[in-house]
Every structure is written in C-alpha cells, then in structure tokens.
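Here are my notes on the model, as numbered points. Please read them with the structure open.

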Amino acid sequence: MSSPDIASILENSRELDRLRKEQEEVLVEINKLHKKLQATPEVVEKPGDSSLARLKATYIQAKDLSEREVTISNLLLSQLDTFLPSGLPGQQRIKMDGNDQKRKRMKCDSDISRLSPSMWRYIEACVSLKDEQVAARVTSDAEKDEWFVVKVINFDEKTKEFEVLDEEPGDDEEGSGQKKYKLPASCIIPFPKRNDPLSTQEFPAGRNVLAVYPGTTALYKATVISTPRKRKSDEYLLEFDDDEEDGALPQRTVPFHKVVPLPEGHRQ
C-alpha cells in the first residue's frame with residue numbers, strides 16, 4: 001500500500017469521525033426540541049412560532065449527515081477491499097490450481113457477487129454524478145490543496161476513479177484549452193442540489209467551510225457569518241481566509257449550492 005493510498009484512507013477516517021461528532025450535535029438539538037414540544041405542545045399554535053420548522057430542519061440535517069456517513073463508509077470499504085486479498089480460502093484454491101481459466105472465471109464471479117447493497121448504492125451515487133459539476137481537489141502538494149469546480153465526465157466502476165473536466169482553467173495553466181483529470185473519490189465533493197434547498201445540510205454560523213469564491217471557479221476556506229435560513233435567502237454570508245481588504249475581511253455572499261464541508265486536514 002503506497003503512502004498516498006494510506007493518506008487517503010486516513011483522511012476519510014477523519015472525515016467519518018467529524019460527521020459522527022456533528023451527528024451527535026444535531027441529535028442533542030433534536031432532543032431539546034422534543035422536550036420543548038412535550039412540555040409545552042400548545043406553543044406550536046402561537047403565531048410566529050418556528051418550533052416545528054426548526055425540528056424539520058434538524059431532521060433534514062441529520063438525514064444529510066447520515067447519507068454522507070454512508071458514502072464515506074462505503075468509500076473506505078472500497079479502498080480497503082483494494083488492498084485486502086480476495087478469492088476463496090486456501091484449501092479450496094488448492095483444489096482449483098489445475099484449471100487456471102476456471103479459477104480466473106470463478107474469482108471474477110466472486111468479486112461481483114461480494115459487492116454489498118451499500119456498495120452498489122455507493123457506485124450508483126457516483127455514476128449519477130455524470131455531467132454534474134462537483135468540487136474537486138486537482139492538485140495537492142506539501143504546502144496546499146487546490147480545489148476547483150469541474151464537470152464529471154465519467155466514473156470508472158472498476159478503478160473507482162472519476163474522469164473530470166476543468167472547463168475554465170486559470171490563466172497560469174499551460175495552454176488555454178480545457179483540462180481533464182482522473183481523480184479518486186476522496187478528491188470529489190458533490191455540491192448540494194440547486195433546486196432542493198430544504199434537503200440540504202445548513203452549516204451554522206462560525207463553521208469553517210469550503211466555498212466557491214465569487215466570480216471564480218476556485219474554492220477556498222471560509223467562515224460562515226450568516227446562514228441562508230437566517231438571511232431568508234438562498235445565500236450564505238461568508239468571510240474567506242486571506243481575503244483581507246483595508247485591514248479587514250470583507251463579507252461576501254455565496255449561493256448555498258456552492259458551499260461544501262471543509263475537508264479534514266485542508267491546507268491553503
């Protein structure tokens with residue numbers, strides 16, 4: 001197993017831990033709302049009360065986090081499967097050694113049949129991203145990670161790699177044409193659905209996120225100042241790191257569908 005592979009597995013493990021901690025926070029909030037409604041159920045009949053709306057929003061957030069956890073868990077399983085020996089137990093393999101073609105055919109059938117339902121769902125989710133725009137880490141060195149908006153061209157179910165297209169490469173890129181990359185799933189973050197804001201996880205004020213900088217196709221670390229729900233719009237109010245103007249960080253609006261979780265260990 002190479003160092004980059006190990007690093008990717010460790011990064012996904014840290015992301016899994018972060019998701020579970022966030023789920024615990026959401027569960028605490030849900031329990032608080034449950035207790036409030038049980039103690040004073042009449043409060044929902046008061047004009048302007050938002051208890052039920054908040055409860056629905058926290059359930060949606062919990063569902064989103066749970067689905068993200070399944071995706072990361074399945075990704076870890078597929079990464080580990082790549083390095084674990086597969087096939088039949090030693091005794092059965094010995095019996096088949098006299099027929100190489102039969103052994104290869106049975107191994108192929110075994111590889112297909114051992115895919116779990118969750119793995120199939122994971123593969124289907126990856127395939128469904130074709131022609132969609134996603135956030136992609138296209139470069140990574142010792143100093144920083146660079147994330148850009150790219151278009152998914154294809155997902156290879158065998159190698160578990162995405163083929164993506166950078167439709168607007170920067171001026172400093174070699175050549176002026178569009179660039180293609182082949183990236184592992186750990187370098188891809190799907191954007192929220194533009195037409196379904198209610199089912200999208202909302203990041204609270206103070207949370208660090210990765211967001212598309214206005215007027216560009218690059219994503220940078222930012223801090224949530226105000227949420228779409230609080231602003232009664234479809235935009236976050238963010239402060240981007242290293243975006244200082246006249247000694248202060250300007251606050252910029254970014255559509256909710258261009259904001260994603262900050263990857264664990266992000267370097268900028």
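1. Start with the sheet pairings. Strand 6 (residues 208–212) and strand 7 are antiparallel partners, joined by 5 bridges. Within this pair, alanine 211 has tyrosine 220 of strand 7 as its bridge partner. The two strands make a hairpin with 5 residues between them. Glycine 215 lies in that turn and has a positive phi of about 80°. Bear in mind throughout that this is a predicted model.

2. Strand 7 has further partners. Strand 8 (residues 235–240) runs antiparallel to strand 7, with 4 bridges between them. Valine 224 has its bridge partner, leucine 238, in strand 8. Strand 7 (residues 218–226) is also joined to strand 2 by 2 bridges, again antiparallel. There, phenylalanine 148 is matched with alanine 218 of strand 7.

3. Now follow strand 2 to its other pairing. Strand 2 and strand 3 run antiparallel and are joined by 5 bridges. Phenylalanine 155 stands opposite phenylalanine 162, a residue of strand 3. Strand 3 in turn pairs with strand 4, antiparallel, over 6 bridges. Phenylalanine 162 has a bridge partner in strand 4 too, namely leucine 183.

4. Which residues does phenylalanine 162 touch, leaving aside its neighbours within four places in sequence? The contacts are Cys126, Leu129, Val152, Asn154, Phe155, Tyr181, Lys182, Leu183, Ala185 and Ile188. Two of these names are already familiar: Phe155 stands opposite phenylalanine 162, and Leu183 is its bridge partner in strand 4.

5. The core comes next. The largest nonpolar core holds 19 residues. Val138, Phe162, Val164, Leu183 and Ile188 have the most contacts inside this core. Helix 5, strand 1, strand 2, strand 3 and strand 4 (179–184) each give it two or more residues. Strand 2 supplies the largest share, 4 residues.

6. Check the backbone at two loop positions. Most residues other than glycine have a negative phi. Lysine 160 departs from this, with a positive phi near 60°. Lysine 160 is located in the loop between strand 2 (145–156) and strand 3 (161–166). Those strands form a hairpin with 4 residues between them. Aspartate 131 also has a positive phi, about 75°. Its loop runs between helix 5 (117–127) and strand 1 (133–140). Aspartate 131 counts as exposed because its relative accessibility is 52%, and the cut-off for exposed is over 50%.

7. Which element gives the most to the lining of the largest pocket? Helix 2 does, with 10 residues. The pocket itself encloses about 1300 Å³ of space. Its lining counts 48 residues, and Asp64, Leu129, Pro190, Phe191 and Pro192 are the closest to the centre. Helix 1, helix 2, helix 5, strand 1, strand 5 (188–190) and strand 10 (259–261) each supply at least two lining residues. By type, the lining divides into 23 nonpolar, 11 polar and 14 charged residues. Leu129 thus deserves a second look: Leu129 is among the residues closest to the pocket centre, and Leu129 is also in contact with phenylalanine 162.

8. Two helix positions are worth inspecting. Leucine 33 belongs to helix 1. Is leucine 33 buried or exposed? Leucine 33 is buried, because its relative accessibility is 2%. Beyond its neighbours within four places in sequence, leucine 33 is in contact with Ser51, Arg54, Leu55 and Thr58. The C-alpha atoms of leucine 33 and threonine 58 are 9.5 Å apart, and the two residues are separated by 25 residues along the chain.

9. Glutamine 61 is the second. This residue is part of helix 2 (residues 51–83). Glutamine 61 counts as buried because its relative accessibility is 15%, and the cut-off for buried is under 20%. Leaving aside neighbours within four places in sequence, glutamine 61 is in contact with Glu22, Val26, Gln201 and Glu202.

10. Last, the overall figures. The protein chain has 6 helices and 10 strands. Of its 268 residues, 35% are buried. Among contacts between residues at least 6 apart in sequence, 52% join residues at least 24 apart.

Note on methods
Residues are numbered from 1 along each chain as its sequence is written. This is a predicted model: local features need pLDDT of at least 70, side-chain atom pairs count only at pLDDT 80 or more; totals for chains, interfaces and linings use all residues. Side-chain values use heavy atoms; hydrogens and water are left out. Buried means under 20% relative accessible area, exposed over 50%, partly exposed in between (1.4 Å probe, protein chains only). Contact means heavy atoms within 4.5 Å. On a 1 Å grid over the protein atoms alone, a cavity is a set of points where a 1.4 Å probe fits but cannot get out, and a pocket is an open set with protein on both sides within 12 Å along at least five of seven lines; lining residues have an atom within 4 Å of a point. Grid points are joined across faces, edges and corners, and a volume is the space filled by probe spheres set on the points. Ala, Val, Leu, Ile, Met, Phe, Trp, Tyr, Cys and Pro count as nonpolar, Asp, Glu, Lys and Arg as charged, and the others, Gly among them, as polar. A nonpolar core is a set of buried Ala, Val, Leu, Ile, Met, Phe, Trp, Tyr and Cys residues joined through side-chain atoms within 4.5 Å. Two strands pair if DSSP finds at least two bridges between them.
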